[in-house]
Amino acid sequence: MATVTVEVNGRAYPVGCADGQEARVTQLAQEFASKVSQVADQVGQVGDLKLFLMGALMLADELSEARRGRVAPPPVVTEAVNNDGVAEALNAVAARLEKLAQSF
């Protein structure tokens, strides 16, 4: 298992992923960080948990709209993607967010 360090809202987070999925996880984290940055620009620094939640909801909304055909689908990835590695990374992030939420 590989580990990549991603930066979101000025903080570094180590994320485990399947070997060979480092670039994909980094790309996904950059997209998420962009959404978090948009939220922070709009509402200010209200805490990582709230910013992360709003960023995740924005991405979920975009995904929902894409599934309904209302927005252009994401670009096609030309390299093979192991969805298990991406799912594993997302599960790790979800677990971390749940742990953070429980501390509030």
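Q: What makes the contact between the side chains of arginine 68 and glutamate 65 a salt bridge?
A: The N to O distance is 3.8 Å, and the cut-off is within 4 Å between a side-chain nitrogen of Lys or Arg and a carboxyl oxygen of Asp or Glu. The pair therefore qualifies as a salt bridge. Please keep in mind that this is a predicted model.

Q: Why is arginine 68 called exposed?
A: Its relative accessible area is 55%. Exposed means over 50%, so arginine 68 earns the word.

Q: And is glutamate 65 buried or exposed, and how do you know?
A: Glutamate 65 has a relative accessible area of 17%. The limit for buried is under 20%, so glutamate 65 counts as buried.

Q: How many salt bridges does the count come to?
A: By this rule there are three. One of them joins the side chains of aspartate 48 and arginine 11, at 3.0 Å from N to O. Aspartate 48 sits in helix H2 and arginine 11 in strand E2, so this pair ties together parts 37 residues apart in sequence. Aspartate 48 is at 15% relative accessibility, which is under 20% and therefore buried.

Q: What makes the meeting of glutamate 62 and lysine 35 a salt bridge?
A: Their side chains come to 2.4 Å, N to O, which is within the 4 Å cut-off, so the pair counts as a salt bridge. The link runs between distant parts of the chain, with glutamate 62 in helix H2 and lysine 35 in helix H1, 27 residues apart.

Q: Why is lysine 35 called buried?
A: At a relative accessible area of 12%, lysine 35 falls under the 20% limit, so it is buried. Leaving aside neighbours within four places in sequence, lysine 35 touches Gly55, Met58, Leu59 and Glu62. Its partner glutamate 62 has 38%, which lies between 20% and 50% and is therefore called partly exposed.

Q: How do you know that E1 and E2 pair, and in which sense?
A: Pairing needs at least two bridges, and these strands have seven, in the antiparallel sense. Valine 8 stands opposite arginine 11 in E2. The two strands form a hairpin with two residues between them, and asparagine 9 in the turn has a positive phi of about 55°. Along the sequence, the whole chain reads β-β-α-α-α.

Q: Which residues of the largest nonpolar core touch the most other members?
A: They are Val4, Val6, Val8, Val36, Leu51 and Phe52, out of 16 residues in this core. Strands E1 (2-8) and E2 (11-17), helix H1 (22-43) and H2 each supply at least two of its residues. H1 gives the largest share, seven residues. In soluble globular proteins, nonpolar side chains tend to be buried together.

Q: What does valine 6 touch, not counting residues up to four places away in sequence?
A: Valine 6 touches Arg11, Ala12, Tyr13, Val15, Thr26 and Ala29.

Q: Why is leucine 57 called partly exposed?
A: Its relative accessible area is 47%, which is between the 20% and 50% limits, so leucine 57 is partly exposed. Leucine 57 belongs to helix H2 (residues 48-67).

Q: What makes up the nonpolar surface patch of about 290 Å²?
A: Leu53, Met54 and Leu57 form it. A patch residue needs over 30% relative accessible area, and leucine 57, at 47%, is therefore above that limit.

Note on methods. Residues numbered from 1 in each chain as written. Predicted model: local features only at pLDDT ≥ 70, side-chain atom pairs only at ≥ 80, totals over all residues. Heavy atoms only, no water. Patch = residues over 30% accessible without salt bridge, like charges linked within 9 Å, V, L, I, M, F, W, Y side chains within 5 Å. Areas by Shrake-Rupley, 256 points an atom, 1.4 Å probe, with all protein chains shown as cover. Helix = DSSP H or I, 4+ residues; strand = E, 2+ residues; numbered from the N terminus. Buried < 20%, exposed > 50% of the residue type's maximum accessible area, 1.4 Å probe, protein only. Core = buried A, V, L, I, M, F, W, Y, C linked by side-chain atoms within 4.5 Å. Contact = heavy atoms within 4.5 Å.
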